[in-house]
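This report describes the layout of one protein chain and its ligand surroundings. The sequence and the structure are shown first, and the account follows.

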Amino acid sequence: MKRVIIIGGGFAGMETSLRLKRLEKKAEILLIHNDDCFTFVPGLYETAAGEQDESNVCILASQLLHQKDILHYRDTVLSIDPKKKRVHTKNIKTIHYDVLIIAIGAQTNYYAVPGAQQYLLDLKTRGDAQQIYEYVSWAISSKKKHQFSICGAGLTGVEFASSLQEHIFSECRQRKKNPKNFSVSLIDAAPSILASLPDKAIKAATAYLKKQGISLLTDKKIRRVTQSRIFCSKESLAYDLGVWCGGLRTHPLIIESSLEYSEKAGERGLPGGGMMVNEFLQSTTHPSIFGAGDCICPKNPALPYVKTAQNAIDQARYIAYNVHALLNGRKLKPYRQMKNKFYCSLGKEMGVFVSGKTVLSGKHIKKKKDKLESTYVDTIKAGKVTSDLYG
Ligand SMILES: Cc1cc2nc3c(=O)[nH]c(=O)nc-3n(C[C@H](O)[C@H](O)[C@H](O)COP(=O)(O)OP(=O)(O)OC[C@H]3O[C@@H](n4cnc5c(N)ncnc54)[C@H](O)[C@@H]3O)c2cc1C
């Protein structure tokens, strides 16, 4: 029996395993994931800000997959040997594959800013969100003043800052505390927040954040971080909780394997580096290896692929089809990137929506985003697949 191994149980890995199982009845499908849960990453900023319970972003995946006759090993892949078609893991040691699907996401890019990785918290996993939440809860109950700094004013930084500010206001109201004891700053090297979005979206989000009292420190390139200060451009800012929402870079497992990859920096919603893939989402150096989600980079620069959950989910369709085709000697289907829709939450009630040149903002946007996301979570919980997160 042929064996297909999928590494990583995020959006790309979960969706691929479920889709492939529907198509491919003869091969064994094994998902190796370093967690028992599928994490709904777009909800993490709310968990970190204390606006959402962790159980809403964590779905127990192992049981769900076993019911579907998909093997799930909770393990970490330490290395890939594409020549011998083997992966080496922490617990099981060595496993052979006929086809390998790499869906391990990306690692955080600190752009070599001294001190950033050492002193700032990341916002990528449930553990990160929990750590931030614990600090925020402690800070709100303490009697001192606190300065929260968020480095990176892209989609993640803006969503987190607005949610955090709202949480502070609501906690202060309930506990009869002075909200002026807390400050939230957003720092970015770009001349505006959400620099990759159209002007209209930038204006709507900027007006909202300013009204909420969030300091927007744009055009400020972070040069160095110490335990208590962030040094940017010609000034420095004191902080006690710093969160890095800066960017992405190629996962170390890809860098350490003999796969072709690009080290180009990326960011959520923007193109970036990763394992080089061809039009079929196949490794450019090893045709029995496919890649999906944040961990890939198309070799063809005419296909700039943006790193979003929407694309990771969409690619799963192509990968499942192509792996099935490869195993059965059929023609592979070229990947066409879908038109992405960007929803940016502004606190609990407001939101901005961008799709091409269309920009909308208001309470209805946030409601729609919440509805689409909870529908997606329910679909995954039921072991079903979706073709578009924000369809
Ligand atoms: C705070 C935040 C908010 C976001 N909001 C949105 C949004 O609103 N809309 C949107 O479209 N996108 C959003 N994104 C981006 C989106 O979450 C990513 O694009 C998406 O998670 C990528 O999916 P993936 O499957 O490629 O990787 P991931 O979701 O990162 O999953 C990869 C998985 O592989 C596992 N793994 C890694 N290495 C190994 C290993 N060696 N062995 C075993 N397992 C391994 C990891 O633990 C991880 O669970 C957001 C991102 C963040 C951080």
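In which sense do strand 24 and strand 25 pair, and over how many bridges? In this predicted model, strand 24 (residues 342–346) and strand 25 (residues 350–355) run antiparallel and are joined over five bridges. Within this pairing, Tyr 343 of strand 24 faces Phe 353 of strand 25. Three residues separate the two strands of the hairpin, and there Gly 347 adopts a positive phi near 70 degrees.

Strand 24 is mostly covered, with five of its five residues buried. From this strand, Phe 342, Cys 344 and Leu 346 point one way, whereas Tyr 343 and Ser 345 point the other way. Residues of both directions are buried.

**Nonpolar core**

The largest nonpolar core holds 115 residues, among which Ile 101 and Ala 205 touch the most other members. Helix 9 supplies the largest share of this core, nine residues. At least three residues of the core come from each of domain 1 and domain 2. Which residues does Ala 205 contact, once its neighbours within four places in sequence are left aside? They are Val 158, Ile 193, Leu 194, Cys 344, Leu 346 and Val 352. Of these contacts, Cys 344 and Leu 346 belong to the set that points one way from strand 24.

**Domains**

The domain assignment divides the protein chain into domain 1 (3–34 + 75–108 + 248–339) and domain 2 (116–244). The C-alpha centres of the two domains are 33 Å apart. Five residues of domain 1 and seven residues of domain 2 take part in the contact between them. On the domain 1 side, the residues comprise one nonpolar, two polar and two charged.

**Ligand surroundings**

The ligand is surrounded by 36 residues, and the closest are Gly 8, Gly 10, Pro 42, Gly 105 and Gly 293. Two or more residues of this shell are given by each of helix 1 (11–23), strand 2 (28–33), helix 2 (44–48) and helix 9 (309–327). Helix 9 thus appears here as well as in the nonpolar core, to which this helix gives nine residues. By type, the shell consists of 18 nonpolar, 13 polar and five charged residues. Domain 1 and domain 2 each contribute at least three residues to the shell.

**Individual residues**

Two residues other than glycine that have a positive phi are set out below.

| Residue | Phi | Location | C-beta neighbours within 10 Å |
|---|---|---|---|
| Lys 85 | near 55 degrees | loop between strand 6 (77–81) and strand 7 (86–89) | 18 |
| Tyr 111 | about 45 degrees | loop between strand 10 (107–108) and helix 4 (116–119) | 14 |

Why does Lys 85 count as partly exposed? Lys 85 is placed in this class because 18 C-beta neighbours lie inside 10 Å, whereas a buried residue needs 20 or more and an exposed residue has 12 or fewer. Tyr 111 is likewise partly exposed, because 14 other C-beta atoms lie within 10 Å.

Ala 139 lies in helix 5 (residues 126–141). Ala 139 is partly exposed because 19 other C-beta atoms lie within 10 Å. Beyond its neighbours within four places in sequence, Ala 139 is in contact with His 146 and Leu 241. Ala 139 and Asp 240 are 101 residues apart in sequence, with a C-alpha to C-alpha distance of 9.4 Å.

Methods
Residues numbered from 1 in each chain as written. Predicted model: local features only at pLDDT ≥ 70, side-chain atom pairs only at ≥ 80, totals over all residues. Domains from an automatic or database assignment. Contact = placed C-beta atoms within 7 Å. Nonpolar A, V, L, I, M, F, W, Y, C, P; charged D, E, K, R; others polar. Near = placed C-beta within 6 Å. Helix = DSSP H or I, 4+ residues; strand = E, 2+ residues; numbered from the N terminus. Pairing = 2+ DSSP bridges. Core = buried A, V, L, I, M, F, W, Y, C linked by C-beta atoms within 7 Å.
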